[in-house]
Amino acid sequence: MVERRSHHIYGTLTDEGVDELAIEAALQRLGIDLLVKVMGEETLGIYREVVAESPRQPQLARLFFDGGPGRVRLALANYFERRVQRQLMPACDTVELAGIFLGMLLGEWHLIRVLQLKSPPSRAAIEERVTRCVDLFLHGVKGLPSR
């Protein structure tokens, strides 16, 4: 079930032609797809259930992670690795880099939604968040335009 639900997000980074996109466009597409999916009530409900059951059923937590979040992280790491091989990025720990980017996207937004403190963000808010995260990720704080 988790693999089916994450297939679209996974496909964003494995579909033919993704390597020809500018990195900004690829990360923007991934980020929007990811946030739209994980901010939805059904996905959040599954997440809450897995977290609640994981102390009693650690294998459930492993299956969930490997089939969803871990699968997306690995797809992003592989995307980064292909860019490294083409000398479009410096050599680095691509798995760690993927985790950093995904953490930026989800961050407190996901926690706020898991705890049901706010309604789901609008598509426009998601797009703005992803744009800020992509800019920060690629250019760092010093490279961001001032407001």
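This briefing describes the helices, core, aromatic rings, salt bridges and surface of one protein chain. The model is predicted. The protein has 147 residues, and its fold contains seven helices and zero strands. Of the residues, 36% count as buried.

**Overall layout**

- Read from the N terminus on, the elements run α-α-α-α-α-α-α.
- Among contacts with a separation of 6 or more, 70% are accounted for by residues 24 or more positions apart.
- The protein exposes about 8800 Å², and 56% of that area is supplied by carbon and sulfur atoms.

**The nonpolar core**

- In soluble globular proteins, nonpolar side chains tend to be buried together.
- Here the largest nonpolar core has 27 residues. Leu27, Leu76, Phe80 and Phe101 are the residues of this core that touch the most other members.
- Helices α2 (23-38), α5 (69-85), α6 and α7 (123-139) each supply at least two residues of the core. Helix α2 gives the most, with eight residues.
- Phe101 shows what such packing looks like from one residue: leaving aside residues up to four places away in sequence, Phe101 touches Leu27, Leu30, Leu76, Cys133, Val134 and Phe137.

**Aromatic rings**

- A pair of aromatic rings is described by the distance of the centres and the angle of the planes.
- The count of aromatic pairs in this model comes to four. One of them joins Tyr79 and Phe80, with 5.9 Å centre to centre and 50 degrees between the planes. This pair is tilted, because the angle is neither under 30 degrees, as in a stacked pair, nor over 60, as in an edge-to-face pair.
- Tyr79 has 0% relative accessibility, so Tyr79 counts as buried. Phe80 is buried too, because its relative accessible area is 0%.
- Phe80 also pairs with Phe137, again described by two values: 5.9 Å centre to centre and 20 degrees between the planes. The pair of Phe80 and Phe137 is stacked.
- The pair of Phe80 and Phe137 links distant parts of the chain. Phe80 is in helix α5 and Phe137 is in helix α7, 57 residues apart.
- Phe137 has 17% relative accessibility and therefore counts as buried, since the cut-off for buried is under 20%.
- Tyr79, Phe80, Phe101 and Phe137 form one aromatic cluster.

**Salt bridges**

- The count of salt bridges comes to seven. Three of them are described here, beginning with Glu41 and Arg113.
- The side chains of Glu41 and Arg113 meet at 2.5 Å, N to O. This pair links distant parts of the chain, with Glu41 in helix α3 (residues 41-53) and Arg113 in helix α6, 72 residues apart.
- Is each partner buried or partly exposed? Glu41 is partly exposed, because its relative accessible area is 42%. Arg113 is buried, because its relative accessible area is 3%.
- Glu53 forms a salt bridge with Arg56, and their closest N and O atoms are 2.9 Å apart. Glu53 has a relative accessible area of 23%, so Glu53 is partly exposed. Arg56 has a relative accessible area of 59%, so Arg56 is exposed.
- Arg62 and Asp66 meet through their side chains in a salt bridge of 3.0 Å, N to O. The two residues are separated by about one helical turn, because they are four residues apart in helix α4 (residues 58-67). Asp66 is partly exposed, with a relative accessible area of 42%.

**A nonpolar patch on the surface**

- Leu111, Leu115 and Leu117 form a nonpolar patch on the surface. Together these residues have about 320 Å² of accessible area.
- Leu111 is found in helix α6 (residues 94-114). Leu111 counts as partly exposed because its relative accessibility is 49%, and the cut-off for exposed is over 50%.

Terms used: Residues are numbered from 1 along each chain as its sequence is written. This is a predicted model: local features need pLDDT of at least 70, side-chain atom pairs count only at pLDDT 80 or more; totals for chains, interfaces and linings use all residues. Side-chain values use heavy atoms; hydrogens and water are left out. Patches are made of residues with over 30% relative accessible area and no salt bridge: like charges are joined within 9 Å, nonpolar side chains (Val, Leu, Ile, Met, Phe, Trp, Tyr) within 5 Å. Accessible areas come from the Shrake-Rupley method with a 1.4 Å probe; for residues, only the protein chains shown count as cover. A salt bridge is a side-chain nitrogen of Lys or Arg within 4 Å of a carboxyl oxygen of Asp or Glu. Buried means under 20% relative accessible area, exposed over 50%, partly exposed in between (1.4 Å probe, protein chains only). A nonpolar core is a set of buried Ala, Val, Leu, Ile, Met, Phe, Trp, Tyr and Cys residues joined through side-chain atoms within 4.5 Å. Contact means heavy atoms within 4.5 Å. Rings of Phe, Tyr and Trp (its six-membered ring) pair if their centres lie within 6.5 Å; planes under 30 degrees apart count as stacked, over 60 as edge-to-face and the rest as tilted.
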